[in-house]
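Work through the following exercises with the sequence and the 3D view at hand. Each task is followed by a solution in steps.

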Amino acid sequence: MNIILVDDEGRSNLRPMVYTRPCGNLRVGILTLAEKWEQLCSCSVSYLTEEYLAPKYPAHYATINYYINGRILADKSLLERIIQIQDGEKLVHEGCLVAFRCDNQLEKINDLLNYALTLTSIELTVSTIAYSYDLFSLNGQEIRKDFELLTAGRESAALSKTNTLIGDHLFIEEGASIEAAVINTKEGPVYIGKNSTIMEGSLIRGPFSLGERATIKMGAKIYGDTTIGPQCKIGGEVSNSVFYGNSNKGHDGFLGNSVIGEWCNLGADTN
């Protein structure tokens, strides 16, 4: 199955994050929107986005292509419905294009949207990222969904006895180091990525996700609905926020209800 995630006119409501990436590359929950599709269908996903982003995020075509709105939140029932789409049909949600299948290589967004106008609409209800604040307001529910998707049929690595675990909804990838932390999973799951580190004295409440090679520094207080992306370093107090990769909040200070992009650094005592 060849999936191409398409940026539509709704992209403008997701600035500034989409200045540097297609909509499908946005992270909400543990995974990006594209990674959710890849996990569900065990296939690779590409993008049809703005021309200046295309060299980094090119579209890949096959004999049959499934064009899916890049702002749509994937789930199993939606994937099953998309697979059932017939030629000449399109799925829509409140007038917004959701998906269609086509054997044509539609290489420009305007050409794709014009082609979609000729198709018969089938209305259904889906979840979408409509505005930038959806990235943190929906983060908790998406962590829960991604946790189930990523951990199904798998066994967690062991948690060191120096830690205190409340509840049992914890999954630890291989290579993670966690010592003398308190982890509360009563309100939601906690997912710890490969080769990540949680230092002594950290207090963590789920839903929470820590990316590969990321670090939670000593004494940090991490509240629920928070995602820390790969190779980030986080200290102080964080609540209901999403960090993309390679960004740091290494010191004390509060951050809440926020989305932090890549290669950002928040200085000491930032609030």
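**Exercise 1: Two ends of a salt bridge**

Glu51 is exposed, with a relative accessible area of 59%. The model is a predicted one.

Task: Find which side chain meets that of Glu51 in a salt bridge, and where the two residues lie.

Solution.
- Step 1. The side chain of Lys108 meets that of Glu51 in a salt bridge, at 3.1 Å from N to O.
- Step 2. The pair links distant parts of the chain, 57 residues apart: Lys108 is in the loop between β5 (96-102) and α3 (109-116), and Glu51 is in the loop between β2 (45-48) and β3 (65-69).
- Step 3. Lys108 has 44% relative accessibility, so it counts as partly exposed.

Side chains of opposite charge can pair when their charged atoms come close.

**Exercise 2: Other salt bridges**

Task: State how many salt bridges a search of the whole structure finds, then decide whether Asp87 and Arg101 are buried or exposed.

Solution.
- Step 1. The search of the whole structure gives ten salt bridges.
- Step 2. In one of them, the side chains of Asp87 and Arg101 meet at 3.6 Å, N to O. Asp87 lies in the loop between α2 (76-83) and β4 (89-93) and Arg101 lies in strand β5, so the pair ties together parts 14 residues apart in sequence.
- Step 3. Exposed means over 50% relative accessible area and buried means under 20%. Asp87, at 62%, is therefore exposed, and Arg101, at 19%, is therefore buried.
- Step 4. The side chains of Arg11 and Asp7 also meet in a salt bridge, at 3.4 Å from N to O. Both Arg11 and Asp7 are buried.
- Step 5. A network of salt bridges links Lys36, Glu142, Lys145 and Asp146.

**Exercise 3: The largest pocket**

Task: Describe the volume and the lining of the largest pocket.

Solution.
- Step 1. The volume of the largest pocket is about 320 Å³.
- Step 2. Its lining has 18 residues, and those nearest the centre are Ile30, Leu31, Tyr191, Gly211 and Glu212.
- Step 3. At least two lining residues come from each of α1 (33-41) and β14 (208-210). The most come from α1, which supplies three.
- Step 4. Sorted by class, the lining of the largest pocket holds seven nonpolar, six charged and five polar residues.

**Exercise 4: Backbone exceptions**

Most residues other than glycine have a negative phi, and most peptide bonds are trans.

Task: Locate the cis peptide bonds at Pro16 and Pro207, and the positive phi angles of Ser42 and Gln231.

Solution.
- Step 1. The bond from Arg15 to Pro16 is cis, with omega near 10°. Pro16 sits in the loop between β1 (2-6) and α1.
- Step 2. Gly206 and Pro207 are joined by a cis peptide bond with omega about 0°. Pro207 is in the loop between β13 (203-205) and β14.
- Step 3. Ser42, which is not a glycine, has a positive phi of about 50°. Ser42 is in the loop between α1 and β2, and its relative accessible area of 70% makes it exposed.
- Step 4. Gln231 is not a glycine either, and its phi is positive at about 60°. Gln231 lies in the loop between β17 (226-228) and β18 (233-234), and at 44% relative accessibility it is partly exposed.

**Exercise 5: A surface patch**

Task: Name the residues that form a nonpolar patch on the surface with Ile166.

Solution.
- Step 1. Val182 and Leu203 form the patch with Ile166, and together the three have about 190 Å² of accessible area.
- Step 2. Ile166 belongs to strand β7 (residues 164-166) and is partly exposed, at 31% relative accessibility.

Note on methods:
Residues numbered from 1 in each chain as written. Predicted model: local features only at pLDDT ≥ 70, side-chain atom pairs only at ≥ 80, totals over all residues. Heavy atoms only, no water. Patch = residues over 30% accessible without salt bridge, like charges linked within 9 Å, V, L, I, M, F, W, Y side chains within 5 Å. Areas by Shrake-Rupley, 256 points an atom, 1.4 Å probe, with all protein chains shown as cover. Salt bridge = Lys/Arg side-chain N within 4 Å of Asp/Glu carboxyl O. Helix = DSSP H or I, 4+ residues; strand = E, 2+ residues; numbered from the N terminus. Buried < 20%, exposed > 50% of the residue type's maximum accessible area, 1.4 Å probe, protein only. 1 Å grid on protein atoms, 1.4 Å probe; cavity = no way out; pocket = protein on both sides within 12 Å on 5 of 7 lines; lining within 4 Å. Points joined across faces, edges and corners; volume = space filled by probe spheres on them. Nonpolar A, V, L, I, M, F, W, Y, C, P; charged D, E, K, R; others polar.
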